[in-house]
Structure formats: structure tokens, C-alpha cells
Amino acid sequence: MKHDNKPSTTESLSKALIHQHGLSDEEYQAILAHLGREPNLTELGVFSVMWSEHCSYKSSRIHLKRFPTEGPRVVQGPGENAGAVDIGDGLAAVFKMESHNHPSFIEPFQGAATGVGGILRDIFTMGARPIALLDSLRFGELDHAKNRHLLQGVVSGISFYGNCIGVPTVGGEITFNDIYSKNPLVNVFCLGIVEKDRLLKGLAQGEGNLVLYIGAKTGRDGIHGATMASDSFDDASEKKRPNVQVGDPFLEKLLLEACLEFLEQDLLIGIQDMGAAGLTSSSCEMAARSGTGIELDVALVPRRESGMTPYEILLSESQERMLLVAKPGKQDAVLAICHKWGIDAAVVGKVTNDGLLRIKDGTQTVAEIPAKALAEEGPRYDRPAAPPSYQDSLQSLNLDMLPDVKNPDEVLIALLGSPTIASKAWVFRQYDYMVGTNTVVCPGSDAAVVRLKGTQKSLAITTDGNSRYCLLNPHMGGSLAVAEAARNLVCSGAEPIGVTDCLNFGNPERPDIMWQFVMAVEGIADACRALNIPVVSGNVSFYNETNGLSIYPTPILGMVGLIDAPEHITTQWFKQAGDHILLLGQTNEDLGGSEYLKVIHAREQGIIPWLDLEVEQRLHRCLLELIRQGWIQSAHDCSEGGLLVTLAECCITSPLAPLGAQITIPPHRIRLDGVLFGESPSRAVISVKPEHLDAVREAIVQAGVPLTDLGRVTSSSFDVTIQQAAPVSPICFSLPGSHLADIWKHSLAKQLDGDE
Amino acid sequence: MNIGIVVFPGSNCDRDCAYVASDVIGQSAQFIWHQETSLGEMDAIILPGGFSYGDYLRTGAIAHLSPIMDAVKAFAKQGGLVLGICNGFQILLESGLLPGAMLRNRGLSFRCEEVYVRVENAETPFTNQCHPGQVLKIPIAHAEGNYYTDPVTLSSLQANAQVIFRYCDADGQSTGPSNPNGSLDHIAGIRNAAGNVLGMMPHPERCAERALNNTDGFLVFQSMVASLKTQARLTAR
């Protein structure tokens with residue numbers, strides 16, 4: 001018997017209830033127009049999550065169009081679970097980065113753990129086996145116990161999930177600033193590999209094909225998580241702890257292996273992770289992408305607790321669940337694989353041709369909404385944007401008011417021990433960064449490098465972003481982040497081939513925040529276009545503010561580069577005493593926004609470095625040429641902390657014993673602190689064997705890249721002579737390499753373990 | 001030579017071990033699902049690392065109840081070579097194939113890093129390509145590798161030369177700081193009394209290739225192959 005009953009709309013919804021769902025009056029009017037009637041409570045809930053900022057990108061979507069998303073290597077651009085680029089040998093690299101900021105502040109361990117779980121599912125739903133994770137973290141300064149607690153919780157959570165599922169955490173970065181004390185950032189990047197022509201997508205094609213639910217049973221956890229992530233925080237936010245989900249990496253490991261078996265046996269039309277907004281978003285997005293409809297019966301959904309309403313089942317964000325559409329006649333094979341791995345699975349619906357998301361509870365229809373209205377036709381806002389009133393004062397800094405550096409050795413030591421620059425080994429050694437036996441360059445160099453077994457190739461991966469730069473100049477800050485990420489890859493011997501972004505900002509309803517966002521997006525887009533690096537996926541996280549205090553604008557980039565041959569893999573540390581040390585690039589008085597100004601002078605002000613994208617590109621071409629010729633021993637991007645910190649890092653960051661250097665800084669026309677600690681972009685420090693020096697010098701000059709000879713690598717002490725314009729006598733200092741190494745290696749552990 | 005690699009739900013070094021067995025030491029590697037009851041024709045068995053059943057209970061506590069473990073025990077009893085790495089070592093302890101138990105690491109957190117171990121007995125099927133006292137650099141990656149056993153068992157392990165690897169520093173000295181997890185007597189790996197079952201916390205499969213900048217782990221696999229070849233020659237006579 002056919003039950004063609006319409007969802008009941010007997011109760012009229014109060015205005016308060018509508019607002020409680022985070023929907024504005026205009027948005028509610030739009031819902032009425034889409035439905036041609038009033039929604040019932042279930043439908044209201046479904047609209048509220050799908051039209052939340054987190055799911056709909058309503059404030060950001062029109063701006064994200066500026067990103068270059070195409071290129072000869074792009075296999076899948078933005079809009080799918082993750083982006084994909086062609087890496088040759090019939091393979092594609094699939095990658096994406098996502099934020100899990102709000103949950104991680106409320107409950108750092110589970111918040112970070114489920115962030116890892118979510119991004120992994122985005123990758124293996126594409127049919128790719130995840131082979132690398134990276135994390136970009138931002139915390140308040142570690143002298144506050146709460147910040148240490150948050151860091152420890154987040155690191156344990158990442159370690160718990162990533163280690164168990166057996167995907168190595170190979171890199172990432174962490175920086176500290178008190179602006180993140182009440183709103184830490186947890187951005188997680190994942191990369192996987194798939195045969196290019198077997199890429200899976202989130203599609204629901206073919207009327208009558210069966211829709212299957214697999215994975216964890218649905219509980220009441222995480223209901224309205226997406227709505228929570230679309231709101232600011234206040235002191236009462238801790239009460240939202242029940243909104244944070246709990247992760248089960250073991251179950252996800254089973255799910256991962258089962259999904260890769262589906263792919264192997266070619267059983268699926270499409271598959272999608274149930275992430276934010278759970279069953280609702282996965283079903284309506286799959287239908288909307290395919291121009292079809294989906295009919296689901298919530299009574300068939302495996303549940304963890306009894307008495308759940310359709311509203312709760314639809315909006316639950318229980319982790320480790322997938323929705324998939326099987327090829328005709330293949331559902332039994334899918335169920336058999338699930339049985340083998342001990343995973344719950346059920347047929348819960350079918351694909352229809354009416355374009356509707358129809359939800360039934362047994363025979364009763366409880367919701368019926370056009371899928372496209374939810375997934376694609378949500379609100380779009382061109383929100384007002386204007387620079388904040390304080391922008392000019394941020395940029396104005398009279399350097400003449402600050403004394404120039406007198407004792408550069410003391411400043412060097414202070415910078416090497418500052419948590420943003422100090423070694424992150426305390427963190428990394430809690431992550432399994434080797435499982436998979438592909439990690440060729442472990443955490444601690446400019447980029448992580450993973451090899452691709454069965455080929456000659458490797459991929460270099462980095463995450464980067466400098467939020468202080470973005471605060472002072474969001475447009476240039478966005479471009480500088482792209483340039484630094486690309487430079488890190490190039491220094492590792494890789495050609496950048498694609499980028500994903502995670503854009504962390506405050507409340508977009510504030511014009512100053514929106515201005516930061518628009519400027520940063522433009523800056524990123526400009527640099528990606530100039531350097532020919534397509535943006536293939538990404539994520540926007542707004543409302544990163546607590547009690548009205550917004551974080552610094554923090555766009556983070558996750559960039560991937562391709563290394564053609566194992567001998568091109570290059571690391572940042574010096575290799576051998578006697579090698580020559582060269583600086584490529586021009587040093588200007590770029591102290592504005594520098595780590596030096598923050599750590600030594602407690603200023604976060606000034607004009608940030610100017611990036612010339614042509615100069616940057618020239619440097620990249622030159623470095624890649626030198627590396628491919630086999631002429632250089634090491635290459636290190638010169639960035640946070642400036643030249644002197646970079647040189648010290650070249651000596652002490654090797655996994656083997658530290659080396660030293662005999663450095664001579666030639667006479668200079670700018671402030672000495674600018675020479676030593678300024679952060680001019682488009683620079684790198686390389687080391688070269690004596691027999692290659694002439695060829696290297698010639699190639700650099702030919703490439704039109706400024707070149708400075710700085711000295712030689714030595715076996716132990718870090719000796720620096722800073723020549724001054726005559727008649728001033730040079731400044732000289734000498735520090736044992738082992739002393740610098742001790743400070744750099746143990747600084748973070750001292751701050752964190754002193755907490756016990 | 002056929003090397004069987006047992007896959008438990010949650011094993012995650014199974015593919016790494018298979019890669020070393022096939023692509024690095026050139027033998028045939030086969031996965032054996034934990035629900036199987038027979039190993040098939042195998043010359044050696046590896047219980048790989050990972051988080052079997054999520055290790056939500058005691059590490060290895062559920063995996064040792066898997067149907068395949070009866071076949072592994074029978075294989076071991078007949079003198080077959082069994083290598084348990086990390087979680088595989090923990091499963092060997094739970095199944096009684098090796099004595100003792102694992103506690104949480106001394107520092108209570110997961111540790112992934114390269115450590116040094118000293119080869120205490122170079123006359124085993126797993127170390128015959130090493131020389132006595134040789135220091136190997138092999139990575140660890142575990143939260144529960146703090147080996148413990150009672151004093152009587154410890155004495156018998158020591159007396160029978162069953163301690164195969166001890167944590168040490170680069171110069172071969174075992175000190176407090178060179179022990180990454182607090183294990184009793186710096187134990188990193190032990191074998192059974194018969195000598196054919198080895199459990200070790202460090203991961204030799206992670207350092208068996210030049211591409212990974214470390215080949216010390218290769219010696220363990222090379223030793224197994226050498227031992228099996230010798231055995232095969234003896235049987236042929």
C-alpha cells in the first residue's frame with residue numbers, strides 16, 4: 001500500500017523557536033518560499049543546520065570564488081569531500097584541511113580527536129588511502145596553566161586518534177599568542193593516495209538504487225554541533241560540552257578498510273561521510289550533486305539509544321558513520337564486507353528522481369524538502385566589510401623609538417627558546433609519524449616528505465600561516481602565507497602542485513572581521529595565481545571569538561609538492577663541515593610584525609614585509625634547478641626569527657649531532673636587528689660542497705637572485721662576525737652548537753613538564 | 001619462503017611488514033585474517049604492530065582470543081618462527097607464548113622516536129646476522145612498552161639468555177635516560193625458552209631500507225631468512 005502522506009505541519013512554530021535554531025526572519029521567509037508552506041519542527045531543524053554558516057558558507061561563498069581552482073593537474077576541485085591532483089603514475093593525491101576549533105576549546109581531547117577522525121573520513125570517502133596527517137595549532141602563551149592544559153589535551157587527542165588508526169602525523173606547526181587563549185585553533189590536514197580513475201564521489205545516482213548506512217550507531221551526541229560552530233562563545237560555553245562528540249578510532253580503522261574494499265570490488269555509486277549535520281547533510285548533498293532525490297526511513301537507522309525522534313536522528317553528529325549508494329545488486333556484497341569487519345550496516349533508503357529529501361519514520365513522512373534548497377540554494381550574503389578603526393595605528397611603528405640590538409647572541413638565545421620557534425619534539429614524539437613506512441623526512445624540516453611506494457616519487461607537505469602578519473595587513477599576510485608554504489616545499493626539493501586552506505576568522509557579521517576575511521582571501525588568491533598553485537579544497541571557520549574578543553585573522557594553508565626522484569629530497573640542516581653557506585634573496589629592514597619585535601620588544605605592530613611574487617617565483621625556480629642538478633646539500637627557508645635564527649636552525653635541527661658554522665655578515669646599510677632578525681620574504685639559506693660552489697654561484701647569478709656568501713659549516717661552534725661600516729669595529733660572538741641545540745630542544749618540554 | 005602476517009582488526013603495521021617481507025627481503029608475504037583457523041603453509045609468522053581491537057582493554061587482551069591464535073600457538077610449539085612486533089609482542093604476552101606483561105610507559109605518554117638497543121644474544125634465528133653487543137638504532141612507537149615480570153621469571157630469562165634486546169645509548173650503555181619507557185632490566189625484546197618466538201617493542205620494519213635513512217632493522221629479517229635457509233638445508237639432508 002502506498003503511503004503518500006505529507007509531513008504534518010499542524011503546530012505553528014514560534015518566533016523564539018526559529019531564532020533558537022539560529023535562523024533569521026529573512027531566512028525563515030526563504031524557507032517558506034522553498035516549501036510553499038510552514039515547515040514542521042523536524043524540517044526546521046534540518047534547515048537550521050544546513051543553512052548554518054558552518055555547512056552553507058553563506059558569508060564566505062561569494063568571496064571564495066576568487067581562488068584559482070583549475071590547472072592541468074587538478075582532478076577534483078572544491079565542492080567534493082576533498083580535492084585531488086594528478087601526480088603521475090596513474091595516481092592522484094587527495095587532500096583537505098579542516099578546523100575543529102570550537103569543540104577543541106570546550107573539550108580539547110575529544111575535540112581534537114574527532115577533528116582527526118573527520119578529516120580522515122573526508123579522504124577515504126574519496127577512495128584514497130590516507131598516508132599523512134598534519135596539524136596546525138594555535139594556543140595562548142604557555143605561562144597560563146589553562147593554555148598548557150589545552151595544548152596537552154589537544155596533543156593527546158590527536159595522538160590517540162591518529163596513532164590508533166595508523167595514519168602517521170608527519171608534521172604541522174604550532175604557534176603561541178595570548179589572543180588564542182579563549183579560542184585555540186585546531187586545523188587538521190590529511191592526504192591520501194588513490195588510483196586516478198577510481199576516485200569516488202559523493203553521488204546518489206540511479207533511481208531505485210539503495211542507500212546504505214554503515215558505521216557507528218546513531219546516538220544523541222553532537223546534535224546541533226554545526227550550529228554551535230556557527231556562533232561565538234562566552235563564559236557559559238563550557239555548558240556546551242555535551243555537544244562535543246566522542247571519537248572511536250578503532251571503529252574508524254574498520255570503516256577505512258571496509259571502504260577501501262568497496263572500492264576494490266567496485267560496489268559503489270557514491271559515498272559520503274556523515275560529518276557536520278550528520279545524516280542530513282550527507283543525504284541532501286549527495287542528492288543535490290546528482291540532481292536526484294533521496295528517501296530515507298529513520299526507523300531503519302541503527303541507533304544506540306531508544307526513543308530518539310526523527311529530529312534527533314537526522315541532526316545527530318555521532319562519529320564514524322558513512323552514507324553510501326550501492327551499485328544495483330551490489331548491496332549484499334557491501335553488507336558482507338561490513339559483516340567481515342564487524343561494522344553495523346543497514347539499507348535505510350533509496351534514490352528517487354523527484355529532487356526531494358524525503359524522511360520517513362516507518363510509514364509516516366516526517367520531512368520533505370527539496371535537496372537543492374538545503375545543499376545549494378541556502379542564503380548567500382555579501383556582508384559589509386570595512387577596515388577596523390585601529391588598522392592605521394597597528395601599522396604605525398616608529399622603529400627609531402626602539403634601540404637597535406647590542407648583544408645579538410642573547411637575542412638569538414631568547415628567540416631559539418621562545419615556544420613558537422623552539423623545537424616541537426615534545427609534541428611530535430607523542431604522534432606516530434612513521435607508521436606506513438613512507439615518512440622519508442620526519443617532523444622538524446621545512447616540510448615533511450612521504451615517499452610513494454612503487455614509484456620514484458615523493459610528496460612534500462607543509463602547513464603555514466602567520467596570523468600576526470594577517471592582523472597587520474590581511475591581504476599581504478595571505479600572500480605571504482602562500483609564499484612561505486611554497487618556499488618550504490621548494491626547499492625540500494618539491495614543485496608545489498596544490499593547496500587547501502583553512503580560514504579561521506572572527507564574527508563575519510562584523511564589518512572589520514569581514515574586511516580581514518575578504519582581504520586575506522584576495523591575498524591568497526593573488527599569490528596562488530602568480531605561483532600557479534590551484535586551491536582544490538578548503539574550509540572556513542567563522543565566529544572564532546569569545547566574549548567579543550576575536551582571534552587574529554588566521555588563514556592556514558596546507559600545501560602539497562611533488563618530488564620526482566628520491567635524490568632530490570632535500571632537508572634544512574647542514575650536512576658536513578667545510579661546506580659553503582650562501583644566502584639567496586634580498587634582506588631589507590623588515591621588522592614589522594616580526595617574532596623579534598614580539599619576543600624582545602613586546603610589539604605586534606608595524607608594516608609587514610612586502611612580497612614581490614615575481615621575485616619569489618624566481619627564487620623557487622633557482623632553488624629547484626640547484627636541487628635537481630644535485631649541487632646543494634641543504635636548503636632552509638628564512639622566515640620567523642630572521643637570518644640568524646635560520647642559520648642556527650641549520651646547525652642544530654639535524655636528527656644527528658649538531659654542527660657549527662663560521663659566519664661573516666657583510667657590512668650593511670640598515671639597522672642591525674633588521675639584518676639579523678628581520679623577516680624579509682623570498683630568502684633561503686643553502687649549503688654547498690666546495691666542488692659545486694662555482695657552478696652554484698653562476699646559476700644563482702644567472703637566475704637573477706641576490707646572493708650573499710656567509711661562510712662555512714664547521715664541526716661544533718657557532719661563530720659570528722658582524723662587519724660594520726668603517727671605522728666601527730665588528731661585533732663578534734661564539735656559542736657552542738650544543739648549547740644552542742639544548743636551548744632549542746628543551747625549551748618547550750621545560751614549560752610543559754614543569755606543570756606536573 | 002612464505003611469511004604469514006596475521007591481521008587483527010586494528011592491526012596497522014601489517015602492510016609495512018608485508019612490504020619488507022616481499023619488496024625488501026624478497027620473500028612471499030601473505031596476510032592471514034584473524035578469523036582463520038589455519039595458517040596454511042608458512043615458514044614464519046609475524047604478529048604486526050597496531051591497536052588490535054583499539055587496545056581499549058589491556059593491549060592484546062582481546063586479540064589473543066582470536067581464532068587464529070590457536071594455530072599460531074601450534075605453529076610455535078612445532079618450532080615455527082614467530083616474530084611479534086610492538087602490539088604483536090603484547091599479544092604474545094597475553095597469549096602466554098612469552099612470559100610477563102606490559103605496563104604504561106613511565107612518562108604515561110605515547111613515544112615515537114628512534115632508540116638504541118643492544119643485541120644481547122646473537123645466536124638466535126632473529127639476530128644471527130648481528131654480532132654480540134652490537135648497537136642497533138630502531139624506532140619505537142608505543143604507550144605501553146614498560147615490560148614487567150616477577151623476579152623468578154626475570155632470573156630465568158636472564159639465565160637462559162632469553163633477553164635478546166636491551167635499550168641503551170648510542171655507545172651501548174644502558175642507563176635511566178636511555179630507557180624510553182621504564183621497562184624492567186631495560187628489556188626491549190625477549191624470546192621463549194625454545195628460542196623460536198621473539199617479541200620486541202621496537203619496529204625493525206621501519207628501518208630496513210636506505211630510503212628511510214636507516215637499515216638496522218634489516219638485520220632482523222635477514223637473520224630470519226638465514227635461519228630458515230639453514231633449517232631447510234638440514235631438513236633436505
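**Close-up 1. A:Leu584 stands opposite A:Ala684 of strand 25 in chain A.** This is a predicted model, like every view that follows. We begin with strand 22 (residues 580-584) of chain A, which pairs with strand 25 (residues 684-688) of chain A in the antiparallel sense over 5 bridges. Strand 22 of chain A is also joined to strand 26 of chain A by 5 bridges, and these two run antiparallel as well. Across that second pairing, look for A:Leu582, which stands opposite A:Asp709 in strand 26 of chain A. The side chains of strand 22 alternate nicely: A:His580, A:Leu582 and A:Leu584 point one way, A:Ile581 and A:Leu583 point the other way, and all are buried. Because 5 of the 5 residues of strand 22 of chain A are buried, this strand is largely enclosed by the rest of the structure.

**Close-up 2. Stepping back, strand 22 belongs to an open sheet of 7 strands in chain A.** Reading across the sheet, the order is 23-25-22-26-24-27-28, with mixed pairing. Strand 23 (632-637) and strand 28 (731-736) of chain A are the edge strands; each has a single partner strand, so one side of each is left without a neighbour in the sheet. On average, neighbouring strands of this sheet are turned by 20° against each other, direction ignored. Within the sheet, strand 24 (residues 660-665) and strand 26 (residues 707-714) of chain A form an antiparallel pair over 4 bridges. There, A:Gln662 faces A:Arg712 of strand 26 of chain A as its opposite residue. Helix 26 (residues 737-753) of chain A packs on the sheet and touches strand 24, strand 27 (717-722) and strand 28 of chain A. The direction of helix 26 makes about 70° with that of strand 28 of chain A.

**Close-up 3. Helix 23 (residues 642-652) of chain A is a helix to look for in the interior.** Since 11 of the 11 residues of helix 23 of chain A are buried, this helix is largely enclosed by the rest of the structure. Among its buried residues are A:Leu643, A:Leu644, A:Val645 and A:Leu647, and the list also includes A:Thr646 and A:Glu649. The neighbours A:Cys650 and A:Cys651 are buried too.

**Close-up 4. Helix 7 (residues 108-124) and helix 8 (residues 145-165) of chain A cross at roughly 40°.** Their axes come within 7 Å, and the crossing is right-handed. On the side of helix 7 of chain A, the contact includes A:Pro108, A:Phe109, A:Val116 and A:Leu120. Helix 8 of chain A contributes residues including A:Leu150, A:Val154, A:Phe160, A:Tyr161 and A:Ile165. Glycines take part from both helices, among them A:Gly111 and A:Gly117 in helix 7 and A:Gly153 and A:Gly157 in helix 8 of chain A. Sorted by class, this contact has 12 nonpolar, 7 polar and no charged residues.

**Close-up 5. A:Ala93 and A:Val94 have the most contacts inside the largest nonpolar core.** That core has 318 residues, and helix 20 (residues 511-530) of chain A gives the most to it, with 12 residues. To find your way around A:Val94, look for A:Ala82, A:Ala84, A:Ile123, A:Met126, A:Ala128, A:Leu191, A:Gly192 and A:Val194, which it touches when residues up to four places away in sequence are not counted.

**Close-up 6. Chain B has an open sheet of 9 strands.** The order is 2-1-3-4-11-10-9-6-7, and the pairing is mixed. Strand 2 (28-33) and strand 7 of chain B stand at the edges with a single partner strand each, so one side of each is left without a neighbour in the sheet. From one strand to the next, the twist averages 25°. Strand 10 (residues 187-191) and strand 11 (residues 197-200) of chain B pair in the antiparallel sense over 3 bridges, and B:Ile190 has B:Gly199 of strand 11 of chain B as its bridge partner. Helix 2 (residues 68-77) of chain B lies across strands 1, 2, 3, 4 and 11 of chain B, running at about 125° to strand 4 of chain B. Helix 3 (residues 87-95) of chain B packs on the sheet as well, touching strands 3, 4 and 11 of chain B, and its direction makes about 115° with that of strand 4 of chain B.

**Close-up 7. The two chains meet through 22 residues from chain B and 23 residues from chain A.** On the chain B side, helix 1 (14-24), strand 6 (111-119) and strand 7 (135-142) each supply at least two residues. Strand 6 of chain B gives the most to this side, with 3 residues. By class, the side of chain B that touches chain A has 12 nonpolar, 5 polar and 5 charged residues.

Notes: Residues are numbered from 1 along each chain as its sequence is written. Chains are lettered from A and ligands numbered from 1 in the order in which they are written. This is a predicted model: local features need pLDDT of at least 70, side-chain atom pairs count only at pLDDT 80 or more; totals for chains, interfaces and linings use all residues. Two residues are in contact if their C-beta atoms, placed from the backbone, lie within 7 Å. Ala, Val, Leu, Ile, Met, Phe, Trp, Tyr, Cys and Pro count as nonpolar, Asp, Glu, Lys and Arg as charged, and the others, Gly among them, as polar. Axes are lines fitted to C-alpha atoms, for helices over the stretch in contact, and angles run from 0 to 180 degrees between N-to-C directions. A crossing is left-handed if the near helix is turned anticlockwise from the far one by less than a right angle, and right-handed if clockwise. A residue is buried if 20 or more other C-beta atoms lie within 10 Å of its own, exposed if 12 or fewer, and partly exposed in between; C-beta atoms are placed from the backbone. A nonpolar core is a set of buried Ala, Val, Leu, Ile, Met, Phe, Trp, Tyr and Cys residues joined through C-beta atoms within 7 Å. Two strands pair if DSSP finds at least two bridges between them.
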